[in-house]
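Could you walk me through this structure, stop by stop? I have it open in a viewer and would like to know what to select next and what is there.

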Amino acid sequence: MVSTIRTSAPGKLMLLGEHAVLHGSHCLVCAIDRRITVTLTPRPDAVVTITAGFGRYEGRLPELPDDECFRFVLAALRRHSDILPSGCDLVIDSDFPNVSGLGSSAAVTVAAIAAAFVWCDFSWSADVLHAASLAVIRDVQGTGAGADAAASTYGGLLDYCAEPISQRQVKHLPPIEVLYSGRKAHTTEVVAELEARRREDPHQIEAIFHAMDEGCGLAVNAGAAGDWQKFGEIINRNHELMTELGLSDTNLDSLVHDLQADPGISGAKLSGAGKGDCIVGIGQVENAEFAHERLGLQITRRGVEVA
Ligand code: MEV
């Protein structure tokens with residue numbers, strides 16, 4: 001009998017192509033060097049317990065009543081309840097900074113499903129794990145391109161497309177600088193607002209998505225050549241496109257401009273849904289007087305791991 005299984009998966013940052021990726025465009029997403037670890041210990045009964053820094057859960061298979069704090073893990077267990085041999089104790093540990101927009105939901109989903117697959121001796125690949133994680137994310141959120149789950153599964157810097165799903169590693173990894181805007185973005189609400197605008201004016205919004213897709217292709221070439229100056233220029237342009245989509249405001253713009261103005265930064269933009277969360281710059285801040293809190297994140301090649 002299996003005693004304990006430990007898996008971990010990294011968080012993510014969107015570098016290019018947010019929103020457009022939900023409509024068939026490519027995006028660039030990277031895994032960050034902060035991880036969520038899931039430790040699974042099988043139980044002799046049908047009880048499931050989940051313990052995390054932010055709360056505790058107890059329920060029974062197969063129903064597993066919902067709990068707002070553990071929606072993704074519970075949806076992952078429910079979706080795979082037919083292959084689970086029994087209940088289990090799950091412990092979730094995270095070394096993420098306490099800010100939103102870093103893909104913690106996708107990371108915990110990927111790590112939890114990987115733990116369930118290992119426990120059940122299920123023959124799986126990274127592609128199978130990504131597809132299973134994306135299905136869970138869509139169950140919970142009703143939407144999702146799966147770029148976050150791809151970063152958590154494969155690691156590295158990915159040229160990712162959701163329709164049809166494809167992912168390709170970009171050869172070189174840029175240094176990054178990440179700031180928190182101080183404001184949580186509500187991804188599903190922002191996606192729904194933009195979708196309503198797209199229905200009203202498909203021509204304008206789709207032209208912006210098209211420009212984002214082109215920028216992504218150029219950035220993949222710049223990344224393959226390690227040309228971070230060019231890559232940064234594309235990032236700056238993408239921030240303008242996000243602003244045209246109505247995803248920024250004067251406060252967020254001013255944070256982005258402060259980062260763009262640093263001599264060590266070749267480009268900076270909002271990352272993720274917009275209207276809050278994180279700001280990502282390419283390079284490293286050189287100005288000793290730089291006034292904003294830096295999160296100290298870097299891109300990692302490490303994807304999901306089974307310890
Ligand atoms: C959120 O980080 C990125 C979005 O494109 C949503 C998604 O890709 O699922 C807004």
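Welcome to the tour! Begin with the place where the two halves of the chain meet: 23 residues of domain 1 are in contact with 35 residues of domain 2. Keep in mind along the way that this is a predicted model.

**Stop 1: the two domains**

Colour residues 5-170 as domain 1 and residues 176-283 as domain 2, the two parts into which the chain is divided. If you mark the C-alpha centre of each domain, the two marks lie 25 Å apart.

**Stop 2: the largest pocket**

Where does the largest pocket lie? Domain 1 and domain 2 both give residues to its lining, so the pocket lies between them. Its volume is about 1,500 Å³. To centre your view, select Phe-72, Gly-103, Ser-104, Ser-105 and Lys-184, which are the closest to the pocket centre of the 49 residues that line it.

Next, show the elements that each give two or more residues to this lining. They are strand 1 (5-16), helix 1 (71-79), strand 5 (88-94), helix 2 (104-119), helix 3 (126-141), helix 4 (147-154) and helix 5 (187-200). Now try colouring the lining of the largest pocket by class: you should find 23 nonpolar, 17 polar and nine charged residues.

**Stop 3: the largest cavity**

There is also enclosed space to look for. As a general idea, rolling a probe the size of a water molecule over the atoms shows where empty space is left. In this structure there is one cavity of 30 Å³ or more, and the largest cavity has a volume of about 50 Å³.

Select His-19, Leu-22, His-23, Val-191, Leu-194, Glu-195, Arg-198, Ile-205 and Phe-209 to see what lines the largest cavity. Helix 5 and helix 6 (202-224) are the elements that give two or more residues to this lining. Which of them gives the most to the lining? That is helix 5, with four residues. By class, the cavity lining has five nonpolar, two polar and two charged residues. Each of the two domains, domain 1 and domain 2, supplies at least three residues to the lining of the largest cavity.

**Stop 4: a sheet of three strands**

Turn now to an open sheet whose three strands run in the order 8-10-9, with antiparallel pairing. At its edges you will find strand 8 (176-180) and strand 9 (265-271), each of which pairs on one side only. On average, neighbouring strands of this sheet are turned by 20° against each other, direction ignored.

Zoom in on strand 9 and strand 10 (residues 278-283), which pair in the antiparallel sense over six bridges. Which residue of strand 10 stands opposite Ile-265? Look across and you will see Gly-283.

Two helices pack on this sheet. Select helix 7 (residues 228-244) to see it touch strand 9 and strand 10, with a direction that makes about 35° with that of strand 9. Then add helix 8 (residues 250-260), which touches strand 8, strand 9 and strand 10. The direction of helix 8 makes about 160° with that of strand 9.

**Stop 5: a hairpin**

Move on to strand 6 (157-162) and strand 7 (165-169). A hairpin joins strand 6 to strand 7 through two residues, and these strands pair in the antiparallel sense over five bridges. Within the pairing, Asp-159 stands opposite Arg-168 in strand 7.

Stay here for a closer look at the backbone. Glu-163 and Pro-164 are joined by a cis peptide bond, with omega about -5°. Pro-164 sits in the loop between strand 6 and strand 7.

**Stop 6: the loop before helix 1**

For this last stop, a general point is handy: most residues other than glycine have a negative phi, and most peptide bonds are trans. Select Leu-61 and Pro-62, where the peptide bond from Leu-61 to Pro-62 is cis, with omega near 5°. Pro-62 is found in the loop between strand 4 (55-60) and helix 1.

In the loop between strand 4 and helix 1 you can also pick out Leu-64. What is phi of Leu-64? It is near 45°, a positive value in a residue other than glycine.

Conventions:
Residues are numbered from 1 along each chain as its sequence is written. This is a predicted model: local features need pLDDT of at least 70, side-chain atom pairs count only at pLDDT 80 or more; totals for chains, interfaces and linings use all residues. Side-chain values use heavy atoms; hydrogens and water are left out. On a 1 Å grid over the protein atoms alone, a cavity is a set of points where a 1.4 Å probe fits but cannot get out, and a pocket is an open set with protein on both sides within 12 Å along at least five of seven lines; lining residues have an atom within 4 Å of a point. Grid points are joined across faces, edges and corners, and a volume is the space filled by probe spheres set on the points. Ala, Val, Leu, Ile, Met, Phe, Trp, Tyr, Cys and Pro count as nonpolar, Asp, Glu, Lys and Arg as charged, and the others, Gly among them, as polar. Domain bounds come from an automatic or database domain assignment. Two strands pair if DSSP finds at least two bridges between them. Axes are lines fitted to C-alpha atoms, for helices over the stretch in contact, and angles run from 0 to 180 degrees between N-to-C directions. Contact means heavy atoms within 4.5 Å.
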